[in-house]
Amino acid sequence: MKLAISRYGARVLPNTGELIAGAIARGEFLEGPHVAQFQRAFSDWLGEGVHSVPASYGRMAFHYILQALNLPKGSDIVFPALTFWVMPEVARAAGYNPIFADVDPLTFNMTPAAIEKVITPKTVAIVPTHVWGMPCDMDEILAIAKKHGALVIEDCAHALGATYKGKNVGTLGDAAIFSLQTLKPLNTYGGGMAVTKDAALAEKIASVVAGEPAPTEEIVKKHLKLGKIQRITIQPNVFSFTLFPLLWTCAYLKYNPDPYFWEKIRPLSPLPMEYRERYSNVQAIIGLESLKHLKKWTADTQANARRVSDVLRQVPGIKLPEVPADRTHAFYQFCAYLPNRDAAVFACLKRGVDLETLHVDVCPHMEIFGGSQSPVPGADATTEAVQIPIYESLSQEQIDRVARVVAQSAKA
Ligand SMILES: Cc1ncc(COP(=O)(O)O)c(C=O)c1O
């Protein structure tokens with residue numbers, strides 16, 4: 001029997017257990033020298049002149065950047081219409097109005113033309129999300145921001161390892177955030193990073209973070225445990241006998257279980273107390289070790305994307321991600337459009353390949369942001385996309401199987 005392939009894969013160090021045990025034995029689980037070392041290594045990895053400040057979450061990195069910038073309250077911040085709801089909600093909780101610009105359904109990213117439509121003298125910042133790991137049109141976005149006197153804060157939660165005109169994303173605007181959650185390009189079982197080339201801003205961000213409570217053993221252990229459960233459940237030999245039968249049953253019953261897999265959508269003012277914690281030393285130890293593998297993980301994922309694309313390109317009606325020549329895609333997710341999407345997704349599941357449909361949000365339609373029913377054509381079109389598993393931990397045989405199964409299911 002062939003094992004089923006999950007929609008998500010985690011980047012896991014084979015010696016994670018040893019690293020954690022070593023940190024405990026040395027009394028460096030919560031605090032120690034590795035946070036500063038990781039911070040420097042992360043900055044060096046991104047490029048010259050970069051300063052990084054670790055945080056408990058990517059969203060908190062964004063919160064700290066907003067605190068440090070201290071932009072006038074009540075002003076507008078432009079987000080893509082397609083993004084994770086938490087980011088505009090963090091801005092709202094900090095006293096700003098999130099304004100949404102539509103995206104290009106082929107790149108999934110906000111377009112310069114859409115930003116021009118919503119930007120006003122009240123706009124103080126633009127937050128381009130490099131959705132799924134594809135860099136946005138940064139030159140054009142930076143030019144619009146400059147013209148309107150707005151700052152650019154890149155959301156690189158999906159995109160560590162992606163480049164734009166030879167530079168790493170996260171180094172292109174005034175500041176940036178990264179997420180270090182279990183499924184993200186660099187997995188430290190939770191955490192985030194605020195990044196900027198502005199030394200004075202970095203210092204301010206660091207001083208805001210320094211005011212947060214020290215990490216507690218209970219919470220850090222909970223993050224590590226939860227991450228372990230997550231990464232084990234999605235391994236083919238466990239996934240096939242746990243989540244997969246559940247997804248299969250749901251598909252037969254035409255029931256969508258996805259909302260249960262994701263964080264509850266809710267107002268974030270005041271910010272939940274469990275968000276407020278400094279980054280732990282043990283996570284920094286895992287981060288330092290993981291950084292050594294990041295180039296290879298990225299290259300292997302990109303190679304898998306090419307291998308799957310070569311097969312799927314032959315199938316009429318499939319639309320694949322197109323990466324402009326001046327940038328590289330980190331492929332946190334490989335998103336494509338299949339003919340007869342729902343039937344194809346079901347057919348893949350029956351053949352043991354689990355595809356995810358949309359997992360970020362079309363924010364303007366969400367109740368929390370006013371629930372507008374007006375169409376957002378680009379973002380609305382992306383709800384027809386699927387995420388095809390191509391993550392680096394899949395073997396070449398599994399990648400070929402994914403390509404074959406998706407191709408057959410899309411033709412059926
Ligand atoms: C696009 C995007 N931005 C920001 C975040 C926030 O990252 P974190 O969960 O580390 O707060 C996420 C998390 O999934 C995301 O998908």
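These questions and answers walk through a predicted model.

Student: In what order do the seven strands of the open sheet stand?
Tutor: The pairing in this sheet is mixed. From one strand to the next, the twist averages 25 degrees. The order is β1-β10-β9-β6-β5-β2-β4.

Student: Which strands stand at the edges of the sheet?
Tutor: Look for strands with a single partner strand. One side of each is left without a neighbour in the sheet, because there is just that single partner. The edge strands are β1 (51–55) and β4 (97–101).

Student: Which residue in β10 is the bridge partner of Ser179?
Tutor: Strands β9 (residues 175–179) and β10 (residues 192–196) run antiparallel. Four bridges join them. The partner of Ser179 in β10 is Gly192.

Student: At what angle does helix α3 run to β10?
Tutor: Helix α3 covers residues 58–69. It lies across β1, β6 (151–155), β9 and β10. Its angle to β10 is about 35 degrees.

Student: Which residues come nearest to the ligand?
Tutor: There are 15 residues around the ligand. The elements giving two or more residues to this shell are α3 and α4 (86–93). By type, the shell divides into six nonpolar, seven polar and two charged residues. The nearest are Tyr57, Gly58, Arg59, Ala157 and Ser179.

Student: How far apart are the end C-alpha atoms of helix α15?
Tutor: Helix α15 (residues 396–411) has 16 residues. At 1.5 Å a residue, the helix should span 22 Å. The model agrees, with the ends apart by 23 Å.

Student: What do the buried residues of α15 pack against?
Tutor: Those buried residues include Ile399, Val402 and Val406. Their packing partners are α12 (281–312), α13 (341–350) and β14 (386–388).

How values were computed: Residues numbered from 1 in each chain as written. Predicted model: local features only at pLDDT ≥ 70, side-chain atom pairs only at ≥ 80, totals over all residues. Pairing = 2+ DSSP bridges. Axes fitted to C-alpha atoms, helices over the stretch in contact; angles between N-to-C directions. Contact = placed C-beta atoms within 7 Å. Expected span 1.5 Å × (residues − 1). Buried ≥ 20, exposed ≤ 12 C-beta atoms within 10 Å, placed from the backbone. Near = placed C-beta within 6 Å. Nonpolar A, V, L, I, M, F, W, Y, C, P; charged D, E, K, R; others polar.
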